[in-house]
Amino acid sequence: MKKELGIFLLLVALCAVTAILNPRFLSPTNLTNMANIIGLFGIFSIGLGLVIITGGIDLSVGSMFALAGVLLSIALREWGLPWPVAALFVILVPMGLGALHGTLVTRMRIQPFIVTLCGLLLYRGLARFIADDNTKGFGNAEGFETLRAIASGKFLGLPMPFVILIVIAVVMWLVLHRSVYGRYLFAVGRNEEATRFCGINTKLVVASSYVLAGLLTGIAGILLAFYTNSISPSTHGNFYELYAIAAAVLGGCSLRGGEGSIIGIIIGTALLQILQNLVNLLGIPSSLNFAVMGAVVLLGVLADSYLGNRSKRTS
Amino acid sequence: MKGISKGFPGVVALNDVDLSADVGEVVALVGENGAGKSTLMKILGGVHQPDGGEIRVDGVARRIQNVEDAMQLGIAFIHQELNVVDNLDVAGNIFLGREPRTKPFQLIDRKKIHADAEPYLQRLGLDIPSDTKLEDLSVAYQQMVEIAKALSLNARLIIMDEPTSSLTIAETNRLLALIQELSGQGVSIIYISHRLGEIDEIASRAVVLRDGENAGELLKEDISHDRLVNMMVGRSISQFYVEPKGSSKAGYFQARDVRSSRYPHCSVSFDASQGEILGFAGLVGAGRSEMIKALVGLDKTAGAKIQMNEEQVEIRTPRDAISHGIYLVPEDRRSEGLVTEMSIRENITLPDMRSYAKAGIVQTTLEKTKADEQVQALKVKTPHSETLVRNLSGGNQQKVALGKWLAMQPKVLILDEPTRGIDVGSKSEIYQIMRDLAERGGVILMISSDMEEVLHVCDRVAVMHEGRITGVLDQANCTETNIMQLAVGQSVEEAKPASSE
Ligand SMILES: Nc1ncnc2c1ncn2[C@@H]1O[C@H](COP(=O)(O)OP(=O)(O)OP(=O)(O)O)[C@@H](O)[C@H]1O
Ligand SMILES: [Mg+2]
């Protein structure tokens, strides 16, 4: 809890500074847009956080977005599938790929970094091949207005991705911090061997975290496709896994596994996105975007380990 | 060391403690689990900083801020929980950080490092090649490697925190002889152990700690089991071992053709009755732990046929074993027995989460009740059950590893070195718990390398040698000589076959 408080304060401070330097930060348009983006990124960052808690990593998220986006456009426009079927299909594909990753990691004992690095290359290539390297979109085609509304509409004045994030966060909070399964996730991340000795199917627990990450990636993939409204397979979702990893780490996840929280991940996501917003609003050259982000993540983690060590020594 | 104090959140681990060691002296440091022995030594070894007090080396006051400082002062520390690098070889571990280099490129001089390691291994009488990976060695050998490392550092004071808890008798005797030899060469030794017999044998002085304070000191001629115990726990323990009783339902548990991947060509069969404590003795490497792991489904390539109560039970995974009430308290508590980064509560409930959950949601209050119950029953020394297991003393960790299975009504409880690192008082409590469990109809299988324990606690003892049971001794024929003979693979007249077939 202390961990989250620290970066929460950082988030508040950052918002305050930005708002003072540029009042446009608080304008309804900007806030709505922020909420939209935080929603989008928050959803798949939670998925990646789960994988990280088991001691794994998933680098293929961004490429899965490209694949999901291309498939969604094709399913709706070229195959003319009814929207619920298309949506389900686009969610099931990343879940299946997650299951594949999980199996390779647990049964074949290949390191998660390598498995998902191959995934990163593979799915990006696949997406480009399927789309013939052409930009895909939804154009004026009809028949899936409902899906579009669910993905990019508003609810009680809030952008849908943000609403969906709240729902998912509540559910995943219960799963991670209150359920038996969540306890297993942490236990596996901390000591897989001892957990196995307790009669827990640790392989299944680890593999399932990749499937869950796939599910959340699929959902976020649909939202993202409608957010950009056009999917250019070579750049769509590029680097997004790194945003998620950075958010999770900022939010208190340890890449060694066994540590992290839903609230932390969401605050981490928000922090990163607001930082980008700040770069825009304050007129910092956007070429410095990544540099600022890298520096802040590094500072955050440094501060955390410094404070963490100190509290260990003094308390 | 004078007036040393140290506190952790919620505990005063040490309060104004004094300790000294002369040149070439062997000082034994004893006390109950959680008395503060390891903490005191960690302060001397530079792992912890004291809250108060001073340390003098050769009469000069010193501040030991980290492990390097301690090394520089000639203090070597062999930790209770071993500190070896698994994927390095023996020589690499001995010279870690001080590897000999080749001239032009500063690469590790592979020839020299192995040649340099050899004399230390020989001095310890270790017959392992110096290029063996540590992960391929048993705990006992890993420990010997750590001692070799201390020797190579030219230490003038060697701290040994429960060095013999995972060694067999032969290895223990070798170590004790070595300690005496070292002390003859002017090396001082501070020796922590719960095995009071050893202390009697080698210590020139015994310092007793109780609840983080000095409880007294005994000189060599005054050291006796009873007086030590009295000082440690503040009372005398009248009945240490619980008398074995006759068993009730013969052949309740039958294991046939247990094969482990370590000894794929040997199979083990044995019977155990309800109400019985069946011991497994043998030298380190006899394949006892491996056999047991195969039995409970932890060894995928292995096989076993198990019958309980005349019914065949299928055990393919640890889950299967657990669902039949067969539980294993493994040998290595830190890597296999406990998730040390979790609390006592979370560890105790981990194997049985479903009974603490409603609709998949964990009921923390239920967990807490159960955990507190076990903490009390086993007298785990801790402020509360939310303490991380990592912060418990070694013996108290062992109690938690045991407690999680006791909370689940075992039918067959398998204990691999159950009292390793446990103090005398708690040992007798654990024996009592085992006996009670047996009397309520449980089957208890206990692997132990502690000869005393094997002789006094078990109803029958199966002795293993190189993957086979060489014989089973009943109470009447259970003597040290018989066990030792079977353990080295010789036959003994009184020994019986392991199973009815
Ligand atoms: N890092 C820590 N954080 C909090 N409490 C600690 C820590 N290390 C030790 N303690 C507490 O300090 C007390 C003394 O522990 P210590 O490990 O010195 O006992 P010990 O005498 O070595 O016992 P054992 O025989 O079981 O090894 C215990 O109550 C323990 O729980
Ligand atoms: Mg200790």
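**Figure 1. His194(B) is a buried residue, with a relative accessible area of 6%.** The model shown here, as in every view below, is predicted. Buried means under 20% relative accessible area, so the 6% of His194(B) falls within that class. This histidine sits in a loop of chain B, between strand E8 (188-192) and helix H7 (196-202). Its side chain makes a polar contact with the side chain of Asn33(B), at 3.4 Å. Asn33(B) is also on the contact list of His194(B) that leaves aside neighbours within four places in sequence. Gly31(B), Glu32(B) and Lys37(B) are on that list too. So is Glu162(B). The list also includes Gly421(B), Ile422(B), Asp423(B), Val424(B) and Lys427(B).

**Figure 2. Ligand 1 and the residues around it.** The shell holds 19 residues. Which of them are the closest? They are Gly34(B), Ser38(B), Thr39(B), Ser393(B) and Gly395(B). By type, the shell divides into 5 nonpolar, 11 polar and 3 charged residues. H1(B) gives the largest share, 3 residues.

**Figure 3. Oxygen atoms of ligand 1 and polar atoms of chain B.** A polar side-chain atom of Ser38(B) lies 2.6 Å from an oxygen atom of the ligand. Backbone atoms take part as well. A polar backbone atom of Gly34(B) is 2.7 Å from an oxygen atom of ligand 1. For a polar backbone atom of Asn391(B), the distance to a ligand oxygen is 3.1 Å. How much of the area that ligand 1 exposes when taken alone does the protein bury? Alone, the ligand exposes 640 Å², and the protein buries 90% of that. Three elements of chain B each give two or more residues to the shell: strand E2 (11-17), helix H1 (37-44) and helix H14 (394-406).

**Figure 4. Glu336(B) touches residues of chain A and chain B.** This glutamate has its place in helix H11 of chain B, residues 333-337. Is Glu336(B) buried or exposed? Its relative accessibility is 11%, so Glu336(B) counts as buried. The side chain of Glu336(B) makes a polar contact with the side chain of Lys293(B), at 3.0 Å. Now leave out residues up to four places away in sequence. In chain A, Glu336(B) then touches Glu193(A), Ala194(A) and Phe197(A). In chain B, Glu336(B) touches Lys293(B), Pro330(B) and Glu331(B).

**Figure 5. Phe186(A) in helix H8 of chain A.** Helix H8 covers residues 180-190. Phe186(A) counts as buried because its relative accessibility is 11%. Leaving aside neighbours within four places in sequence, Phe186(A) is in contact with Met342(B). The contacts of Phe186(A) in chain A are Ile53(A), Leu176(A), His177(A), Gly258(A), Glu259(A) and Gly260(A). Gly69(A) is 117 residues away from Phe186(A) along the chain. Their C-alpha atoms are separated by 32 Å.

**Figure 6. Ile46(A) in the largest nonpolar core.** This core has 102 residues. Which residues touch the most other members? They are Ile46(A), Leu72(A) and Phe226(A). Helix H2 of chain A, residues 28-53, supplies the largest share of the core, 13 residues. Setting aside neighbours within four places in sequence, Ile46(A) is in contact with Leu165(A), Ile168(A), Ala169(A) and Met172(A). Ile46(A) also contacts Leu216(A), Ile262(A), Ile265(A) and Ile266(A). Another core, of 43 residues, lies apart from the largest one. Among its members are Ile277(B), Leu338(B), Leu437(B) and Ala487(B).

Note on methods: Residues are numbered from 1 along each chain as its sequence is written. Chains are lettered from A and ligands numbered from 1 in the order in which they are written. This is a predicted model: local features need pLDDT of at least 70, side-chain atom pairs count only at pLDDT 80 or more; totals for chains, interfaces and linings use all residues. Side-chain values use heavy atoms; hydrogens and water are left out. A nonpolar core is a set of buried Ala, Val, Leu, Ile, Met, Phe, Trp, Tyr and Cys residues joined through side-chain atoms within 4.5 Å. Buried means under 20% relative accessible area, exposed over 50%, partly exposed in between (1.4 Å probe, protein chains only). Helices (H or I, at least four residues) and strands (E, at least two) are DSSP runs, numbered from the N terminus. Contact means heavy atoms within 4.5 Å. A residue is near a molecule or strand if one of its heavy atoms lies within 4 Å of it. A polar contact is a pair of N or O atoms within 3.5 Å; within protein, one must be able to donate a hydrogen and the other to accept it, and residues adjacent in sequence count only if both atoms are side-chain atoms. Accessible areas come from the Shrake-Rupley method with a 1.4 Å probe; for residues, only the protein chains shown count as cover. Ala, Val, Leu, Ile, Met, Phe, Trp, Tyr, Cys and Pro count as nonpolar, Asp, Glu, Lys and Arg as charged, and the others, Gly among them, as polar.
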